[in-house]
Amino acid sequence: NNFCPNAENFKVTDINKRIRKINFIYQLKNFLYISKFSKVETIGDFTFENIKKYEKVIVVWSRIKDFGHNGNYFNNYFHISSKNKKNLWFLIHLDNELPKKIKKNIIILHQKKTKLPINIYTMLKYFFKIFSNNIFSLRKIFHELSFDSLIAHNVNDFFNKILVNFSPKKIIFPYESQPFQNSLIESVNKSKKKIITIGYDHTSNPFPIYNVYNSNSPDFLYVHSEASRNFYSKYFKWPKKKVLKISSFRIKRKKSSQFKDKIFLPYDFYDSYEIIKNFKLFLNSFNINKIRKLNVRIHPSRKSSKKHQILRDKLNQVIENYSNRFSKNSKT
């Protein structure tokens, strides 16, 4: 600092350059990912004669395993089925394989993967579409150069089209401020119809910054705890009357004994070494025969993840190596 008074400013500038470089590379990869798909198509009966019957639209993701042979769909997030004839389901399908049969109240946005190594047609078609929509400005379209934005544009186009004649009472979705959700809310606001948009956040995220209240937020946000309700209104500036506490759709009350003596792995993690190192520190903080033996549980959605399986096996090995810390008779 004695030789370079602006050393701190130089470091900040250097960090900003690195961040911009990383963002550019990530954005480029996300845009090139579009070349893995031959097309994005909407499947189902979305004629006015059919969709006018429905009071609610539920917008969620789907996988092939969520469909039954009879064409019904079951959603694990809300724990409800498409059997309710009052609901129209708009599904963003994550698998290449489609169900052989779907019911009348199901519409699927399908991202069809190409059989070729790459397919630049869909990518270029999307590029020129947003390029022309933004007065041929690369600067304006940079943030839209991604597969997520491609899906958002398709959702926007679909709802802009059907909301001309269709007026459901409510549109409901798991809320993560994803680009397609923002596009959906934008379509509803543009329609100027009395349609209530409802986001549902079942999570207990430490700091879901993407859900900060803004002009493109849903009309109401459903949460499942008073702590979440207070958090959203205090830190994310949601009006308290817009954040409503309801019983969790997804998580049912269970006996506390079902959670005892278990280690629950998160949905994702970035450094198994840190987890193992801290787990050893945790066990070293106890005396011999001090605690009951622990069982490792993988997140229900990641049971087939090799990364999670490897971490589980490593943690189980640590438990074996520290076997003298455990006792069946311990109350801790």
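In this predicted model, the largest nonpolar core, defined as a set of buried Ala, Val, Leu, Ile, Met, Phe, Trp, Tyr and Cys residues joined through side-chain atoms within 4.5 Å, holds 44 residues, of which V59, F90, V155, F159 and I171 touch the most other members; buried denotes under 20% relative accessible area with a 1.4 Å probe and protein chains only. Helix α5 (residues 147-162) makes the greatest contribution to this core, with 8 residues. When neighbours within four places in sequence are set aside, F90 is in contact (heavy atoms within 4.5 Å) with V57, I58, V59, V60, I107, L109, V155, F158 and F159. A second, separate core of 17 residues includes L265, F286, V318 and I319.

Helices (H or I, at least four residues) and strands (E, at least two) are DSSP runs numbered from the N terminus, and two strands are taken to pair if DSSP finds at least two bridges between them. An open sheet of 8 strands, with mixed pairing, follows the order β1-β6-β5-β2-β7-β8-β9-β10. Because β1 (37-43) and β10 (243-245) stand at the edges with a single partner strand each, one side of each is left without a neighbour in the sheet. Within this sheet, β2 (residues 56-62) and β5 (residues 87-93) pair in the parallel sense over 7 bridges, and V57 stands opposite L88 in β5. Helix α6 (residues 179-191) packs on the sheet, where it touches β2, β5, β7 (170-174) and β8 (196-201), and its direction makes about 170° with that of β7; axes are lines fitted to C-alpha atoms, for helices over the stretch in contact, and angles run from 0 to 180 degrees between N-to-C directions.

Residues are numbered from 1 along each chain as its sequence is written, and side-chain values use heavy atoms, with hydrogens and water left out. Local features need pLDDT of at least 70 and side-chain atom pairs count only at pLDDT 80 or more, whereas totals for chains, interfaces and linings use all residues.

How values were computed: Buried < 20%, exposed > 50% of the residue type's maximum accessible area, 1.4 Å probe, protein only.
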